[in-house]
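Please explain how the ligand is held in this structure. The account should begin with individual contacts and then turn to the surrounding space.

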Amino acid sequence: MLVSLVGLPGGGKSTVGRQLARRIGASFLDSDAVIEERIGMPIRSFFEQFGEAAFRDKEEAVIDELTLDAARHGRTVLATGGGALLRPVNRQHLRDRSTVVYLRSSPEELFRRLKHDTQRPLLQVKDPLAKLRELYEQRHPLYEEVAHYSVDTGRPSVATLVNMIVMQLEVAGLMEKSPDHLPGKPSTGHH
Ligand code: S3P
C-alpha cells in the first residue's frame, strides 16, 4: 500500500509523512530528497542553474519510478514536492497508484511557517505571501482533484494529523484497525 502526501510547501508533508510511516510501520520516501540525491545538489541550486522546467522533468521521472516501485512493495508513505501535481501525468500516476492525502493549509498559515525559509526557490521573492496566495489559487483545485482524502493542517498537532490520516485509511478499509493507538506501534493484525 502506498500513501502519497500532497499539498503546498510548508504544509508538513515530510514531517507528517515521516511520523505517519513510523506509526503504520511503513517505509518513508521523500521525492524531493530522491531528486536531490540524483542531481547531486540542492533543489534551489538546480533551479538557479537549469530552471524550473528541467526540475519538473527530473520530478516527473522520480514520481513515476517511486509510485511504480512502492505500489508493488509493502507499506510506503511518499511525501511529494508541492508542485508535483502540476503535470497531468504525475496527477495520474499518484491517483492511480496510491492513496493520495491532501494536507490543506491556508497561504497565511504557510507564510507564518515559511517566512524565514531560504531553500524553497519559488518563495525567494519580494512578497512571499502574495506568491503563496497565487500558488494556492493555482494548485488547490489540482490537489483536490487528485486527493482521495484531505486534512486541514491549521490547528492540529502533527500527532493529531497522523491520527486523522490513520483513521481515514482504516475507515476506507485500506488498513486493519490497530489494536491500540500507541504511537510507533504498528498494527499486529489482532483485534
Ligand atoms: C516546489 C516545492 C518544493 C520543491 C521545489 C518546488 C513547488 O517542495 O519540490 O522547490 O513547486 O511548490 P516542498 O513542497 O516540499 O517545499
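**The ligand and its pocket**

In this predicted model, an oxygen atom of the ligand lies 2.7 Å from a polar backbone atom of Gly82. A backbone contact is also found at Gly83, where a polar atom is 3.4 Å from an oxygen atom of the ligand. The side chain of Asp32 takes part as well: one of its N or O atoms is 2.7 Å from a ligand oxygen atom. On its own, the ligand has 390 Å² of accessible area, and the protein covers 93% of it.

The view may now be widened to the residues around the ligand. There are 13 of them, and Lys13, Asp32, Arg56, Arg120 and Arg139 are the closest. By character, this shell comprises five charged, five nonpolar and three polar residues.

The next matter is the space in which the ligand sits. The ligand occupies the largest pocket, whose volume is about 570 Å³. A total of 28 residues line this pocket, and those nearest its centre are Pro9, Asp32, Ile43, Gly81 and Arg120. Four helices each give two or more residues to the lining: H1 (13–24), H2 (31–39), H3 (43–50) and H4 (52–72). The lining of the largest pocket divides into 10 charged, nine polar and nine nonpolar residues.

Two residues link these descriptions. Asp32 and Arg120 are among the residues closest to the ligand, and both also appear among those nearest the centre of the largest pocket.

Notes. Residues numbered from 1 in each chain as written. Predicted model: local features only at pLDDT ≥ 70, side-chain atom pairs only at ≥ 80, totals over all residues. Heavy atoms only, no water. Near = heavy atom within 4 Å. Polar contact = N/O pair within 3.5 Å; in protein donor to acceptor, adjacent residues only side chain to side chain. Areas by Shrake-Rupley, 256 points an atom, 1.4 Å probe, with all protein chains shown as cover. 1 Å grid on protein atoms, 1.4 Å probe; cavity = no way out; pocket = protein on both sides within 12 Å on 5 of 7 lines; lining within 4 Å. Sits in = over half its atoms within 2 Å of the grid points. Nonpolar A, V, L, I, M, F, W, Y, C, P; charged D, E, K, R; others polar. Points joined across faces, edges and corners; volume = space filled by probe spheres on them.
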